[in-house]
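User: I should like to go through the assignments in this model one by one and hear the reasoning behind each. Please set each value against the criterion that applies.

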Amino acid sequence: VQLQASGGGLVQPGGSLKLSCAASGRIFSISAMRWYRQSPGKQREWVAIISYIGDTNYVDSVKGRFTISRDNAKNTVSLQMNDLKPEDTAVYYCNADVQSLYGGGFRGYWGQGTLVTVSS
């Protein structure tokens, strides 16, 4: 199982960016999917979560600006980021709880990270 994140880049304050993450491999089911971020010199921080049925939650600092969504048929999760601020600058990682076709329980997988830079 692999997660591939994309969509990062340089954006001006107040701008928007959409991140995407696609899970591939021998996947039977995916439960929760999440986005985390890590700024230079800081610990990795949870940003948003979406359940299989679409329930969502966000860290307070992004509420009202970021929207997480998923496509269960395509095994993808996205993060629409609006009104971006310099403090949103970070490497963004997707994470998913995946049950493989080989059986067993759900296991957490990480994408490789995509850099978002908010600067004028």
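User: How many bridges join β2 to β11, and do these strands run parallel or antiparallel?

Analyst: The model is a predicted one. Three bridges join β2 to β11, and the two strands run parallel. Pairing requires at least two bridges, so three bridges make β2 and β11 a pair. Within this pairing, V11 has V118 of β11 as its bridge partner.

User: What makes β9 and β11 a pair, and which residue stands opposite V91?

Analyst: Three bridges join β9 to β11, in an antiparallel arrangement. Because at least two are needed, β9 and β11 count as paired. Opposite V91 stands L115 of β11.

User: How do the side chains along β11 point?

Analyst: Strand β11 covers residues 114–118, and its side chains alternate. T114, V116 and V118 point to one face and are buried, while L115 and T117 point to the other face and are not buried.

User: Why is G9 called partly exposed?

Analyst: G9 has a relative accessibility of 24%. Buried means under 20% and exposed means over 50%, so G9 falls in between and is partly exposed. G9 is placed in strand β2, residues 9–11.

User: Which residues does G9 touch beyond those up to four places away in sequence?

Analyst: G9 touches L17, L115, V116 and T117. In addition, the C-alpha atoms of G9 and T114 are 8.0 Å apart in space, although the two residues are 105 apart in sequence.

User: What makes N95 buried?

Analyst: The relative accessibility of N95 is 5%. The limit for buried is under 20%, and therefore N95 qualifies. N95 lies in strand β9, residues 90–100. Leaving aside neighbours within four places in sequence, the contacts of N95 are L3, A32, M33, R34, Y36, Y109 and W110.

User: Why is the approach of the N95 and R34 side chains called a polar contact?

Analyst: The distance is 2.6 Å, and the cut-off is within 3.5 Å, so the pair meets the distance criterion. The side chain of N95 also reaches the backbone oxygen of Y109, at 3.3 Å.

User: How many aromatic pairs are there?

Analyst: The count comes to one aromatic pair. Y36 and W110 form this pair, with 4.8 Å from centre to centre and 55° between the planes. The centres must lie within 6.5 Å; planes under 30 degrees apart are stacked and over 60 edge-to-face, so the pair of Y36 and W110 is tilted. Y36 lies in strand β4 (residues 27–38) and W110 in strand β10 (residues 107–110), so the pair ties together parts that are 74 residues apart in sequence.

User: How do you know that W110 is partly exposed?

Analyst: The relative accessible area of W110 is 39%. This value lies between the limits of 20% and 50%, so W110 is partly exposed.

User: What makes R44 a charge over the ring of W110?

Analyst: The charged end of R44 sits over that ring, 4.7 Å from its centre. The distance limit is within 6 Å, so the distance part of the criterion is met. R44 also lies over the face of Y93, at 3.7 Å from the ring centre.

User: Why are β1 and β7 called edge strands?

Analyst: Four strands form an open sheet in the order β1-β3-β8-β7, with antiparallel pairing. The strands β1 (2–6) and β7 (66–71) each pair on one side only. Neighbouring strands of this sheet are turned by 15° against each other on average, direction ignored. Within the sheet, six bridges join β3 (residues 17–24) to β8 (residues 76–81), and L17 stands opposite M81 in β8.

Notes:
Residues are numbered from 1 along each chain as its sequence is written. This is a predicted model: local features need pLDDT of at least 70, side-chain atom pairs count only at pLDDT 80 or more; totals for chains, interfaces and linings use all residues. Side-chain values use heavy atoms; hydrogens and water are left out. Buried means under 20% relative accessible area, exposed over 50%, partly exposed in between (1.4 Å probe, protein chains only). Contact means heavy atoms within 4.5 Å. A polar contact is a pair of N or O atoms within 3.5 Å; within protein, one must be able to donate a hydrogen and the other to accept it, and residues adjacent in sequence count only if both atoms are side-chain atoms. Rings of Phe, Tyr and Trp (its six-membered ring) pair if their centres lie within 6.5 Å; planes under 30 degrees apart count as stacked, over 60 as edge-to-face and the rest as tilted. A charge sits over a ring if NZ of Lys or CZ of Arg is within 6 Å of the ring centre and within 35 degrees of the ring normal. Axes are lines fitted to C-alpha atoms, for helices over the stretch in contact, and angles run from 0 to 180 degrees between N-to-C directions.
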